[in-house]
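Hi everyone, and thanks for making the time. I'd like to walk you through a structure that may be new to you, so let's put it up on the screen.

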Amino acid sequence: MGFDLYGVNPTINKEYPPRYKEIMEKYGKGGFLDWKKEIPEDVKNEYFELKDQYGEDNPGDYFRNNVWWWRPLWNFVCNTCDDFLSEKDIEAGYYNDNRKIAKYKAIKIGKRLSENLADGTVDMIHRRYELTKAKADVHNKKVEKEMDKISEQCKAKHGKDLVPAHYPEPYKTMWDDMYSTKMWESDYPFNKSNIEEFAKFCLQSGGFTIC
């Protein structure tokens, strides 16, 4: 699962080259490759290379994060931009409901993130995340070791391998209780370059939809 953000009226710094149009005329349909057609592998590779280059040239066109990367990014946006984002804007960022963020708000987000990058705020949050992640990693290794012990005890008792969901009692409750103590902070990375890319997207998106 991920979050796809599309620029409403993105700044086009550089158009697709003629070769892209040639590929689409022969193999495309509705703005994408038509996978029902027999498309040579080299053409597929060329298509994706051209798409990637277009994205680099026009950062306001499209932005994507998986759920693990998006949530800490959007959390940071909400915390630093809560003076102009509405409650509906903030809530919409956690769902794929095609919520539109207006151009003037997108620009303000981009500028605010750029300020946070310049004044060291992002670096400070990143260091805090790395410390939390390190603690979580140490803790989770201990938890996983205990979970493995429970699994070994269950196997020794019942003589066969089972998935935890099928462990007989009391092993299932023991395993579930131990699993519930895991720290998940390390699974949601806060990344400086991700903030930088999102700031560029916001500034050049002309507003965006969250899908």
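What kind of contact do the side chains of Lys133 and Asp137 make? They meet in a salt bridge, at 2.9 Å from N to O. Before I go on, please keep in mind that this is a predicted model.

Let's stay with that pair for a moment. Both Lys133 and Asp137 sit in helix H6, which covers residues 121-158. They are four residues apart, about one turn of the helix. Are they buried or exposed? Lys133 has 26% relative accessibility and counts as partly exposed. Asp137, at 28%, also counts as partly exposed.

Further along in our list is another pair from H6, Glu146 and Lys149. Their side chains form a salt bridge with an N to O distance of 3.5 Å. Here the two partners are three residues apart in helix H6, so about one helical turn separates them. Glu146 is partly exposed at 32% relative accessibility, and Lys149 is partly exposed with a relative accessible area of 37%.

Now for a pair that links two helices. The side chains of Glu46 and Arg19 meet in a salt bridge of 3.0 Å, N to O. Glu46 belongs to helix H2 (residues 41-57) and Arg19 to helix H1 (residues 18-27), so this contact ties together parts that lie 27 residues apart in sequence. Glu46 has a relative accessibility of 25%, which puts it in the partly exposed group. Arg19 is in that group too, at 31%.

How many salt bridges turn up in a search of the whole structure? There are 15, and I have picked out just a few of them here.

Let's move on to the pockets. How much space lies in the largest pocket? About 540 Å³. It has 14 lining residues, and the ones closest to its centre are Tyr16, Lys51, Gly55, Asp61 and Tyr62. Two elements give two or more residues to this lining: strand E3 (32-33) and H2. H2 gives the most, with seven residues, and you'll remember H2 as the helix that holds Glu46. Sorted by class, the lining has nine nonpolar, one polar and four charged residues.

The second largest pocket holds about 240 Å³ of space. Which elements give two or more residues to its lining? They are helix H3 (67-80) and H6. Among the residues that line this pocket are Pro72, Phe76, Ile125, Arg128, Tyr129 and Glu185. By class, its lining has six nonpolar, three polar and two charged residues.

Last stop, the sheet. In what order do its strands run? This is an open sheet of four strands, ordered E4-E1-E6-E5, with antiparallel pairing. At the edges are strand E4 (62-66) and strand E5 (99-101), each of which pairs on one side only. On average, and ignoring direction, neighbouring strands in this sheet are turned by 20 degrees against each other.

If you'd like one place to look in the sheet, try strand E1, residues 2-7. E1 runs antiparallel to E4, and five bridges join the two. One residue you can find there is Asp4, whose bridge partner in E4 is Arg64.

That's my tour, and I'm happy to go back to any part of it.

Definitions and conventions: Residues are numbered from 1 along each chain as its sequence is written. This is a predicted model: local features need pLDDT of at least 70, side-chain atom pairs count only at pLDDT 80 or more; totals for chains, interfaces and linings use all residues. Side-chain values use heavy atoms; hydrogens and water are left out. A salt bridge is a side-chain nitrogen of Lys or Arg within 4 Å of a carboxyl oxygen of Asp or Glu. Buried means under 20% relative accessible area, exposed over 50%, partly exposed in between (1.4 Å probe, protein chains only). On a 1 Å grid over the protein atoms alone, a cavity is a set of points where a 1.4 Å probe fits but cannot get out, and a pocket is an open set with protein on both sides within 12 Å along at least five of seven lines; lining residues have an atom within 4 Å of a point. Grid points are joined across faces, edges and corners, and a volume is the space filled by probe spheres set on the points. Ala, Val, Leu, Ile, Met, Phe, Trp, Tyr, Cys and Pro count as nonpolar, Asp, Glu, Lys and Arg as charged, and the others, Gly among them, as polar. Two strands pair if DSSP finds at least two bridges between them. Axes are lines fitted to C-alpha atoms, for helices over the stretch in contact, and angles run from 0 to 180 degrees between N-to-C directions.
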